[in-house]
Amino acid sequence: MSVHPFNEELATGTLSRERFQFYLVQDARYLVGFGRALAAAAAKAPEVDDVAFLAGAARDAIVIEREMHESYFKWFRLSETDLADIETSPTCVAYSSFLLATAHTGSYGELLAALLPCFWVYQSVGAGILARQSPETDNPYRPWIDTYAGDEFEATVRKGRDALDRAADAAGEATREKMLAAFTRACEYEWMFWDSAYRQEGWPTAAVR
Ligand SMILES: Cc1ncc(CO)c(N)n1
């Protein structure tokens, strides 16, 4: 993940504004589905502490989305019309739909397994990038890096991993296999999400509509 050109260039601050902008718009849309899937996980959680943790994470995902929009407007000086012109990418639709489908049809364990990479991958990539920053570098993507490399986000990852381990302990072999498949698929979507932003992925059918 961290060797993808998107993240290599994010680390050095050389990532083009167009690519980052495309990523932010897609991510703001993704986070709505992510927040809904987290709220569904909260509803399914057998232990009340996990209900509180997952509902809090759902709220944070939506609040972050809003903050992201605000800073996005300020930073890139884009209007609502400019934003509306950017179509939600096939990968963004696929990843969000996968989370919502798992929320609808999957068990609690399977859903947690689909959601954990969203936290873990970002924390791991963010921390890796932060470690490579030199103090004198003026990286315009520093606010993004600091969000995911921070202690608060690390604590969220730890709680999520703990909840997943408990769900796996309580699950039978068949559920555990489904959990592994959901976890792996979400990791693939994480990679694809960066890759699609780097390519500024559109719909191949756009030209024939
Ligand atoms: C695609 C994606 N995955 C994970 C996160 C972290 O919440 C995010 N903001 N976007």
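Which helices each supply at least two residues of the shell around the ligand? In this predicted model, the answer is α2 (17-44), α6 (108-131) and α9 (173-198).

## Around the ligand

Let's start with who's in that shell. The ligand is surrounded by Asp27, Tyr30, Leu31, Cys118, Tyr122, Glu190 and Phe193. Helix α2 gives the most, with three residues.

As for chemistry, five residues of the shell are nonpolar and two are charged. Polar residues don't feature there at all: the count is none.

## Overall fold

Strand fans will be disappointed here: the chain has nine helices and zero strands. Walk along the sequence and the pattern reads α-α-α-α-α-α-α-α-α.

UniProt, in an unreviewed entry, lists residues 4-199 as "domain: Thiaminase-2/PQQC". Over residues 4-199, helix makes up 84% of the chain and strand 0%. The C-alpha atoms at the two ends of that stretch sit 12 Å apart.

## Size and packing

How does the radius of gyration of the chain stack up against that of a compact globule? For 209 residues, such a globule would come out near 17 Å, and the chain has 17 Å, so the two agree. The C-alpha trace spans about 50 × 50 × 30 Å along its principal axes.

On burial, 32% of the 209 residues in the chain count as buried. Now take the contacts in the chain with a separation of 6 or more: 79% of them come from residues 24 or more positions apart.

## A look at α3

Helix α3 covers residues 48-76, which is 29 residues. From its first C-alpha to its last, α3 reaches 42 Å, close to the 42 Å expected at 1.5 Å a residue.

Which residues of α3 are buried? They are Asp50, Phe53, Leu54, Ala57, Ala58 and Ala61. The buried residues of α3 pack against two other helices, α2 and α8 (151-170). That ties α3 back to the ligand story, with α2 being the helix that gives the most to the shell.

Just past the end of α3 there's a backbone detail to check in your viewer: Arg77 takes a positive phi of about 50°.

Technical notes:
Residues are numbered from 1 along each chain as its sequence is written. This is a predicted model: local features need pLDDT of at least 70, side-chain atom pairs count only at pLDDT 80 or more; totals for chains, interfaces and linings use all residues. A residue is near a molecule or strand if its C-beta atom, placed from the backbone, lies within 6 Å of it. Helices (H or I, at least four residues) and strands (E, at least two) are DSSP runs, numbered from the N terminus. Ala, Val, Leu, Ile, Met, Phe, Trp, Tyr, Cys and Pro count as nonpolar, Asp, Glu, Lys and Arg as charged, and the others, Gly among them, as polar. UniProt positions are given in the numbering used here, feature names are shortened, and annotations may be inferred rather than shown by experiment. The radius of gyration is taken over C-alpha atoms; the globule rule is 2.2 Å times the number of residues to the power 0.38. A residue is buried if 20 or more other C-beta atoms lie within 10 Å of its own, exposed if 12 or fewer, and partly exposed in between; C-beta atoms are placed from the backbone. Two residues are in contact if their C-beta atoms, placed from the backbone, lie within 7 Å. The expected span of a helix is 1.5 Å times one less than its number of residues.
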